[in-house]
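Biologist: Could we go through this model together, with each answer worked out step by step?

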Amino acid sequence: MPPPKDVVKIAIQMVGAIPQLIELQQTKPLTSVLKDVCDVWSLPNAERYALQYVDGRQTYITESNRGEIKNGSILRLTTSPDQEAERLYSGIQSNNSDVKADSLKKLASLSQDVTFAQEFINRNGLKQIFSIVEEGNDTGEMLAHTLKAFMELMEHDFVSWETLSAAFIKKIVSYVNMNAVDASVQQLSLSILENMVPTSRLLFELVKKEVTLDRLLIHLQATNAELQLKAMALLIALLLAATDAERRAMMDYLREKNIRQFIHKNIIHSSEPLGDEMAHYLYVLQSVSLNLCEHRMRTSMDPYSQEQRELLQSLRQTAFESESEAPASTFSTERRRSLCAKEFRKLGFMNNSNPAEDLRRAPPGLLALDNMVYFSRHTPSAYSRFVLENSSREDKHECPFAQSSIQLTLILCEILHVGEPCSETAQAFYPMFFGQDHFFEELFCICIQLVNKTWKEMRATQEDFDKVLQVVREQITRTLSLKPTSLELFKTRVNALNYGEILKLRQTERLHQEETLAVPVLELRERLKPELLELIRQQRLLHLCEGTLFRKISSRRRQDKLWYCRLSPNHKVLHYGDVDEGVDSPPIESLSEKIPVADMKMLLVGKECPHTKEKSSGKQNKDVLELAFSIVYDVEEYCLNFIAPTRYEFCLWTDGLNVLLGKEMTSERMQTDLDVLLSMELKLRLLDLENISIPDTPPPVPKPPSNLNFCYDFSHTEQ
């Protein structure tokens, strides 16, 4: 007979005593359970003790979390959180340096537990930590433990960052600005400042004033990878918290200091592999930089602006300089206006009498004008060649420079996500972005020449304008997906990917996607499906058995906490637990937590997950929603929450969990895999029918013959 749901069998240890095996009644008050345990070991004052997990984070057991205790859990009888908090509160004030150091070390470890943290903070423990830091007597390892404890205590959000004293902040800033300071202290100080910056405008301004960009650049150039990472994290936090004007000023200063070239050479192309967190920060830096174009992109041209009209006229003058050498006084106003209109038409403006009208559409707005002017000034020969070459073509075959530039600017903004908020988890940055100043403009210069090249290859006319730009978009996106390391390499590859190559790629992909629609083949396809679906199910379960490394993402964008989850080889238990950075595939025995598959009730995805409901519903969390899923388990309906590292992992895990729950696999990856397997299997089965048309209906069965005399009679043996 199975045990009642409110009873769990556990082991309880204590140093120097024989462990107890008990059946824990979940309905019984925890104080009564502790008294019974203490009575067995003849321990007085049961209220001074508490239960704590032996493995993992060694969390204290409370009435609120006791429901998470599973059968077979091993607990430890230890000092209660309030007693421990009192002991450590006294210990960190000790005059004995050894006692103080041990207390701070233990405090840094225990502060991860929310119950202990609350007890310590209730005793005004943070004030004591402030005193230790502000006095500045402790250095090195002791100071590192103090800062680590402070960070862990603040993570629980019991105290606002805005309550920090000016003296404390000044001391933290000094650790960042000093040279002769232990690296671990500087790392923790940078992390503290990173967490302070987003909480209030006042703290942002204080940190921005005290920690200069020059100082952060010095830390970025450090050989210590962890220090480099924390400096980058603070830089990104400052950029995200700044106003548009402040952000632009900061990015201009960083450009003067050649930060892009430094990142390109010493971080992206360093001997050490790039970590996920640094990749995310580089993505954010790229996104913030590109978003500086957003204002111009969303601003329409003002036909009454003298500056904008001069930029527009400069395009005409640069292209037709030789034709405009005749003095203006020799032409009447009407003649001069007619000549300008003719030249603007040659430039490819639709409204040649008032070209400003072409730039009223936003996006791309004034950004398109900026790009055209940049192209004309920095590559004047290529600009003149483009315009004059198309001026000499037949009207129907000329490639309109202005129209192409406006549409190309819009395409580049869409591809590079200009004006979109930064994702919280994305890591997709372009290495070539950091190898080039004026990246957007230089990319435009390459791509506008590509438009002209593709136009000629397609022998296009005005009616083909949209078709040409679609091909150009495809050329750009396919080349960017190869992650070229420099714009020169991008230029080489995108020019090699001509219209003929695009047609070949499209044809190959179409052949891969094409399915024979003959009825017999469709019937064969349906027969093959169950076998191939079973193959996909087995692959998904195998992937779950191998396990995946997941990241815990908090509201402060910290991604430094890792945990691992994997399915047992017998497909009966999910094992999971926290792991350290650098551990790729921990053994199943090291994962302390587990969920029996039999206890799993349902799978939630996206907005249904509890951990996505806690977050805001802005655009910045769209990618998190696409990667979030949760397992609901046990009668109490607890949830184990996941955020998959990639969409691929999301598909495999949700499919695998649905298989364990006895449900259909629903991910888009399942459909893709099934289509690929079906296509391969069908091609193998139909090899003998190549070039033979398959009828929609089977041929009619002929009537039986009038006699069967043509059959050989085997009953007579030959003489």
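Modeller: This is a predicted model, in which local features need pLDDT of at least 70, side-chain atom pairs count only at pLDDT 80 or more, and totals for chains, interfaces and linings use all residues. Residues are numbered from 1 along each chain as its sequence is written, and side-chain values use heavy atoms, with hydrogens and water left out.

Biologist: Which residues make up domain 4 in the domain assignment of the chain?

Modeller: Domain bounds here come from an automatic or database domain assignment. That assignment gives domain 1 (7–79), domain 2 (83–272) and domain 3 (298–321 + 334–510), and for domain 4 it gives 530–671.

Biologist: How far apart are the C-alpha centres of domain 2 and domain 4?

Modeller: Taking the C-alpha centres of domain 2 and domain 4, the separation is 32 Å.

Biologist: Which helix gives the most to the largest nonpolar core?

Modeller: A nonpolar core is a set of buried Ala, Val, Leu, Ile, Met, Phe, Trp, Tyr and Cys residues joined through side-chain atoms within 4.5 Å, where buried means under 20% relative accessible area with a 1.4 Å probe, protein chains only. The largest has 150 residues, and Phe150, Met232, Ile263, Leu347 and Ile476 have the most contacts inside it. With twelve residues, the greatest contribution to this core comes from helix H21 (residues 439–458).

Biologist: Why does histidine 611 count as buried?

Modeller: Histidine 611 is found in helix H26 (residues 610–613), helices being DSSP runs (H or I, at least four residues) numbered from the N terminus. Histidine 611 counts as buried because its relative accessibility is 13%.

Conventions:
Helix = DSSP H or I, 4+ residues; strand = E, 2+ residues; numbered from the N terminus. Buried < 20%, exposed > 50% of the residue type's maximum accessible area, 1.4 Å probe, protein only.
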